[in-house]
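User: Please pick out one part of this structure and go through it closely, and then set it beside its surroundings and some other parts. I would like each term explained as it comes up.

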Amino acid sequence: MSSVPENASRALPRVRSDAPSRWQWIKNSAATFLLATTFFACLARVLLREKAKLTNDKIVLSLAHWQLEPGVTKGFDEMAKRYNEVRRARGDAEIEFRQMPIPEGAYGQWVTTQLMGGTAPDLIEIGFLPYDTLLRFHARYFTPVTREIFKPNPYNKGTDLEDRPWKETFVDGLGEGIPALQEYYDVGLSTFSCRMFYNRELLKTLTRKLVAQGKLDKELDAPPDNLREFLSLCDKLHELTDESGRPYLPIAGSPDRFGLINWLTISPLSAPVLTEVDDNCDGFANDTETFFAILRNRFRFDDPRLKKVMAITRAVTMRLQPGWNSVTRDEAVMLFVQQRSLFIGAGSWDGMTLIKQAAEAPKPFAVDITQFPMVYPSDPEWGELSWGRPYEKPATGFSFGMTKMSKHPEVVLDFMRFLTAQKHNQEFNEIIGWIPVVRGAEMSKFLQAFKPNLHGVLSGYSPVLGAHTETFMNQTNPNLWIGEDSNGKAFGVQEWCDRMNNRWLGEAFIDFEQRDEAYRDQLASKETVLATTRAKILLNSDPQMKKYLQQRYNGAFDPPVDAIRDIARSRQLLQDARAEARKQGRLK
Amino acid sequence: MLLLYLWNTQAPGPEGQNDSHCFLLSSVDLIFQIALPHSFVTPTILSNRFAWLDPRFRSLPVGMMSLMMKSVHSLTPFRIHTLLLCTLLVLLAGCSEEYSGPKEPHAAIEQGWVLIGVAEWDRAEAMFQYAADHAKAGSQDYLHAQFGLGNAYQHRKPQAKPAEALDVYTKLAAEDKGGEIGGFAALSVARIHHLKLYAPENLDNSHNSDSTQRPMFTPILLILSLFIGTGAAYLLKNRSKQQGLLALATIILAAWGIGGFLDRQAPAAADTTSVKPSAPSSLPDAAALDAIRAEYQQIVDGFPNTRAAEEAAIWIGSTWIAQMTPESINTGIAYLTKWVEAHPKSDYLANAYHQLSGGYEIQENYNDDLRVLIKWDENNQDPTANHASAWFRIARIADLKVHDEATAKAYYHKFLDKYETEARRFLAERALQRLEGGPKKEGQP
Amino acid sequence: MSRRVAFKNIRHHLSLYWFVLPAVAFIGTFNYFPVINGLLHSFYTWNGGDVERVTGTQNFVDIFAYNPQFWKSFANVLVLGFFNILKMIPSIITAVCLHRVLSERLQFWYRVGFVVPMVVNSIVVVLLWRMFFTNGILNSLLTSTGGMNLLVWFSNACAWISSTLHINIFFAWAGELFKPGISPNWLGTGKLAWLSVVIWGFPYVNQFGVLVYLAVLQSIGKDVYEAAEVDGVNWFSKFRYIELPLILDKVRLMMFLVLLSTINDAGSMMIFFGLDGGPDGVLQVPAVFMFREAYLSQKMGMACAIGIVLVVIIFLMNKINAWLIQPAE
């Protein structure tokens, strides 16, 4: 072993030949300077502020969102102006309104750092964060509005919503709030829906040609509402060619765009099977019920009704352009904008962009909006499946939560009530071009076609239990869509039914077990929710508040008790159903 | 940007922290904003991993991670390492001031519960510990502090401290005999024991047994053969490369063959649903549930006229039902029926009816189910309750199972009148048209 | 023999250690900590959040015993790896051609030409190929150049061979690939999806590989070539006996890197097919499988275990590869 001489490093000659120039030194230190300047500026600011109490009476109300469209920022500014007018009339101090539009890509990160640092604005648009994170953030940084949501909104005075609790003035009644936290936090400002967009001029031109060829009775300026007629029109349109000799591809599809057709045209057709699946009579066919219905042989994938639904699926997917199942949503838009396709599904959120793209295309054209076609009850083959148009859940979107950092929570709450009053919500959405979320608020003429159908049908079964069944369905369904499997063999409705009957249950068993495990893990969390409410009751001295909390506690007491019974019941059901299935020879 | 951050520093902290950390974090944020003007990956999911850190320090690792995720080195002219080291120094220098909780025990207890609500377990524990140390022994605050401490131990995630919690609760139940806090402490002990019976660890490990996924011998043997084969090949390499290769190939092929043979012997082909002979229920046995019920009964007896005793009674009834034998369900229903008769004014009446309904539903006794569901709904005092599901279910059970048209119609109407945009309106209307006659409206485009 | 430094001497080099410290801290935090954390969590049932339970080797048992999907994905990646190794050949040819360019100036510009595309992110390249497959560019190209007819003819020929000569191994597969009048759905059908992931990246000239080979080739002196020419050695023999032995070491390295990247590659497969592994799941690869366990099933512990199994398998492959390709002693 040898050791390094003690003075070895000192013996190294000090080389100064490449010493940096002054300019280089400044360049290298710029970042440190910037940091130091910021730090000291912040320090000075805080110290100064701690000394002098805020003497400025002006209330600042800040709001962050990721909607960079000029319409939205304009809408907020305009509403803040009108809100100030109301405040002035009431004799209240005016507010100073500040909004922070943050780009989508950075939004989640920005919100996280602002909330954690305690520097968040009063109102934050909810989104771009994973659900778990949102849950924690809500508990930690947002103020619940549960008490207020059950009182009427004063800004609805003089309307039919005057006496209604604020919650019930929303089209969806704000759902259950955040069930895991037993509180309501977020209030939405708009809602969204999807429709079919079509190229009216092209449709007229092409149907005129078809009339001339004797293939159609009359020229059309809107697609037929009856699915069978619509599909037949698509076939005829496909026979026509454009200037470069390519056949028209009537419907522009991508998995996303087809998802809209599937949701609004096809999925409601499975409603009739609800009777077999809905075991607990709650009107919904949930995934667990579907699992047990299949395991207990009360429902099968080769049910004649379901087979028809799948046949309709195939009939629709056949009319989409070749290769549609591997293109992106924008590539589908391209087909529509290039006028190679006549129809495309789109949402109210991207409808405006689509219309703009069409107007700016090399060959500009106007876009019209209509309902997705539906199967008519009079249809000879499919009619029995048609219970009506689908129910379009009016989910409140564009939701905002009030942060605990807010210095004037009462003003923020008042502003939210103002924005969600019938009249003001209508005005606001008119400016931004979206659908109002408050009942009775009218939407602009353009958006009339998007009016969600709140009187409709839901799907009658739900085959996705968890990750395994989801992946299995995602791998199996495309075979039906394109009509062949991965070996190039024909894959039709019967093949779909066989594959589902043979393999779905296997995947569902895994998902069921994983979910059982997750349910058991969640038991502790349910207990925590109960414990915190209980503590509030124990520590509260106001009898009225105590009573209110006690009532809510009793409301929250059922889920943890039910959870244990549900775990036991589903286990028992599973065991019994297996035994039964084995006896019948359905399971080996 | 600077101005924005200066302005941001005005906001006070959410949990009563002083302002000093705000400007520090603002400085950190500033750096991130400068360094990452166009970020695509949000590192917010990472923030959960740092929940154990004091909130003042939390954004630092998250930010650092986000920097690494975006490999800013190639994107920005700033010297990131210098910046981060400076930031670290700044942060440590600026945060020397210790956070101190409320000095008054009662306030500390309240703060402790706020902290439990936001999953700040360590700080909650510290609050309750402080309150317990500073409250007069035997006083109400002392009991509350101990109870809070037990809860902080019990509910801590991801790693709870059940032993510590049980210790605190047991002592508390003995100290506050017959009292409200003592009752809830005793109930918490029973709850911990009860939940343990349903912990995921009790799930049978053969949980994939019913799936199409069965043991695959081929891959296991192949991997094993790769290990052995590599060894063999190494041993032979000095003699002859060809021999080594041959040895490797032989071992792999043999593994493939044997694995394939064993796979073919396995009970099912890959494309059919197979079931192994035994299917364990993964549920606690009767003896374990009897022990739990005895614990609940001790609370009913030892803490009469407390809410804990009422809750314990509901738990006894529901435990009988969750035992899932026809006899136990009957016992549970009888127990709860007797209880609701004896406690007509209890706050927990609706809860008892709800559990009764659960029992009848399992028995498929829809007549009684309908009766108790109506009782449940009538006694539900929760001002935030959404009655849509209850009303629809009552109507539907009355309609399809009990054939009680009057009740069905009444509840369908009630449901339709109150819930104008509910998803099940269509079904309700369809049913009403069937029950009340008239032209069918649905299905018409 | 390594030298040991007495601890008391360290203080004399303290400044040097201080210089190293940030790098060590960063590598430790961002490279080693996640790996150790992953290893630890592979023995847990962990959802990445509030559920964290020790389950011992359960995750590994699940992977080995009950997961045919995983092993299927592994078979896929081996086949892909084989094709990716074949795709190394153009790089070698390019490097040799470049090396033989006589004009130094021209050679310089060629080299520059190869380096410049390296700044394009590989994800962008995959996205471009995806577009190429999906928005009809490839199909238009094939149709306009007559390539489509050729493919259909080839397909028909294969079908004929398969049906008349009963040779099914490849011909039955290729026989139904292209049909007249039907535009191929490159990423949307099982067989074509396979073909797509094999052909993407044409002309397969890996710039990094070319530069590595070129660097080695340039160490060959002119005199060697001159001597070879005097002996009348032809162009191929020059490659076989002079150039190839020299670059073989690097080829081995590149082969390992290619295999490694194939096994680790989740990005391109997810861009092409998403998390479902393509039509009917035919192109599921282990890395995507891992992602699915982590983000779809929320089984982070299982995902960690898959990661560990992959590491072990890669390690084994490295050993085999090192031995098979090492030059004879």
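Analyst: Helices (H or I, at least four residues) and strands (E, at least two) are DSSP runs, numbered from the N terminus. The structure is a predicted model, in which local features need pLDDT of at least 70 and side-chain atom pairs count only at pLDDT 80 or more, while totals for chains, interfaces and linings use all residues. Residues are numbered from 1 along each chain as its sequence is written, and chains are lettered from A and ligands numbered from 1 in the order in which they are written.

The part to look at closely is Q154(B), which sits in helix α8 (residues 140–155) of chain B. Q154(B) counts as buried because 25 other C-beta atoms lie within 10 Å (buried: 20 or more other C-beta atoms, placed from the backbone, within 10 Å of the residue's own; exposed: 12 or fewer; partly exposed: in between). Once neighbours within four places in sequence are set aside, Q154(B) is in contact with A160(B), P162(B), A165(B), S188(B) and I192(B), a contact being a pair of residues whose C-beta atoms, placed from the backbone, lie within 7 Å. E164(B) lies 10 residues from Q154(B) along the chain, and 8.0 Å separates the C-alpha atoms of the two.

A second position in chain B, I292(B), belongs to helix α13 (residues 286–302), and I292(B) is buried because 21 other C-beta atoms are found within 10 Å. Leaving out residues up to four places away in sequence, I292(B) touches A190(B), H193(B), H194(B), L197(B) and T319(B). One of these, L197(B), is 95 residues away from I292(B) along the chain, yet their C-alpha atoms are separated by 9.5 Å.

Around both positions, chain B has 20 helices and zero strands, and buried residues make up 44% of its 445 residues. Of the contacts in chain B between residues at least 6 apart in sequence, 53% join residues at least 24 apart.

Chain A, by contrast in its make-up, has 19 helices and nine strands, and its C-alpha trace spans about 90 × 85 × 65 Å along its principal axes. Of its 588 residues, 45% are buried, and 72% of the contacts in chain A between residues at least 6 apart in sequence join residues at least 24 apart. In helix α15 (residues 409–419) of chain A, the buried residues are V412(A), F415(A), M416(A), R417(A), F418(A) and L419(A). The buried residues of α15(A) pack against both strands and helices of chain A, namely β1 (59–65), α3 (70–90), β3 (123–125), β4 (187–191), β8 (396–402) and α16 (422–432).

Chain C adds a bent helix, α14(C) (residues 235–264). With 30 residues, α14(C) has end C-alpha atoms only 38 Å apart, short of the 44 Å that a straight helix would reach at 1.5 Å a residue (the expected span is 1.5 Å times one less than the number of residues). At L244(C) the helix α14(C) bends by about 55°, and a proline, P245(C), follows within four residues; the bend is the angle between axes fitted to the seven residues ending at a position and the seven starting there. E243(C), I247(C), V251(C), M254(C), L259(C), T262(C) and I263(C) are the buried residues of α14(C). Where α14(C) meets α12(C), its residues E243(C), L246(C), I247(C), K250(C) and M254(C) face G209(C), V212(C), Y213(C), V216(C) and L217(C) of α12(C) in contact.

Definitions and conventions
Axes fitted to C-alpha atoms, helices over the stretch in contact; angles between N-to-C directions. Contact = placed C-beta atoms within 7 Å.
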